[in-house]
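Take a first walk through this structure with the sequence at hand. The tour begins with the cysteines and ends with a few charged side chains.

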Amino acid sequence: MRRIVVRYGECQKNHAARMGGHVGDGCREFMACGEEGMTIDAFKCAACGCHRSFHRREEEDEEEREGTCHASTRN
């Protein structure tokens with residue numbers, strides 16, 4: 001059974017867009033303020049305060065992820 005795992009990476013929000021520049025906040029990974037599915041704070045990043053939509057979306061096939069982690073234990 002295939003399942004897609006979604007995580008959110010670094011923040012892409014440009015904090016100087018109004019002034020014609022580009023300044024990022026340095027946030028490297030989305031961390032929800034609240035519990036997912038329970039509160040609206042689940043869409044707000046605890047690290048930078050931005051909405052989840054500003055963070056880079058990364059999708060990974062769980063089947064592929066599990067297949068690459070097998071280690072051999074033969075002697």
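**Cysteines, core and charged contacts**

The sulfur of Cys-48 has its closest cysteine sulfur in Cys-50, 3.7 Å away, which is too far for a bond. The model is a predicted one. A disulfide needs two cysteine sulfur atoms within 2.5 Å, so the 3.7 Å between Cys-48 and Cys-50 does not qualify. Cys-48 is partly exposed, at a relative accessible area of 24%.

How many disulfides does the structure hold? The count is zero. Cys-33 is likewise in no disulfide. Its nearest cysteine sulfur belongs to Cys-45 and is 6.9 Å away. Cys-33 is partly exposed, with a relative accessible area of 41%.

Now turn to the core. Which residues make up the largest nonpolar core? There are six: Tyr-8, Cys-11, Cys-27, Phe-30, Cys-45 and Cys-50. In soluble globular proteins, nonpolar side chains tend to be buried together.

Stay with Cys-50 for a moment. Leaving out residues up to four places away in sequence, Cys-50 touches Cys-11 and Cys-45, both of them members of that core. Its other contacts are Lys-13, His-15, Asp-25, Phe-43, Lys-44 and His-55.

Next comes strand E1, where Glu-10 lies. Is Glu-10 buried or exposed? Glu-10 counts as buried, because its relative accessibility is 18% and the cut-off is under 20%. Its side chain makes a polar contact with the side chain of Arg-56 at 2.7 Å. Another polar contact links the side chains of Glu-10 and Gln-12, at 3.5 Å. Beyond its neighbours within four places in sequence, Glu-10 is in contact with Cys-27, Arg-28 and Glu-29. Phe-54, His-55 and Arg-56 are also in contact with Glu-10.

Finally, look at the segment before strand E1 (4-11), where Arg-2 is found. Arg-2 is exposed, with a relative accessible area of 60%. Which side chain does that of Arg-2 meet in a polar contact? The partner is the side chain of Asp-61, at 2.3 Å. Asp-61 sits in strand E2 (residues 55-61). Asp-61 is buried, with a relative accessible area of 7%. Apart from residues up to four places away in sequence, Asp-61 touches Arg-2, Arg-3 and Ile-4. Arg-2 and Glu-62 are 60 residues apart in sequence. In space, their C-alpha atoms are 6.6 Å apart.

Conventions. Residues numbered from 1 in each chain as written. Predicted model: local features only at pLDDT ≥ 70, side-chain atom pairs only at ≥ 80, totals over all residues. Heavy atoms only, no water. Core = buried A, V, L, I, M, F, W, Y, C linked by side-chain atoms within 4.5 Å. Buried < 20%, exposed > 50% of the residue type's maximum accessible area, 1.4 Å probe, protein only. Contact = heavy atoms within 4.5 Å. Helix = DSSP H or I, 4+ residues; strand = E, 2+ residues; numbered from the N terminus. Polar contact = N/O pair within 3.5 Å; in protein donor to acceptor, adjacent residues only side chain to side chain.
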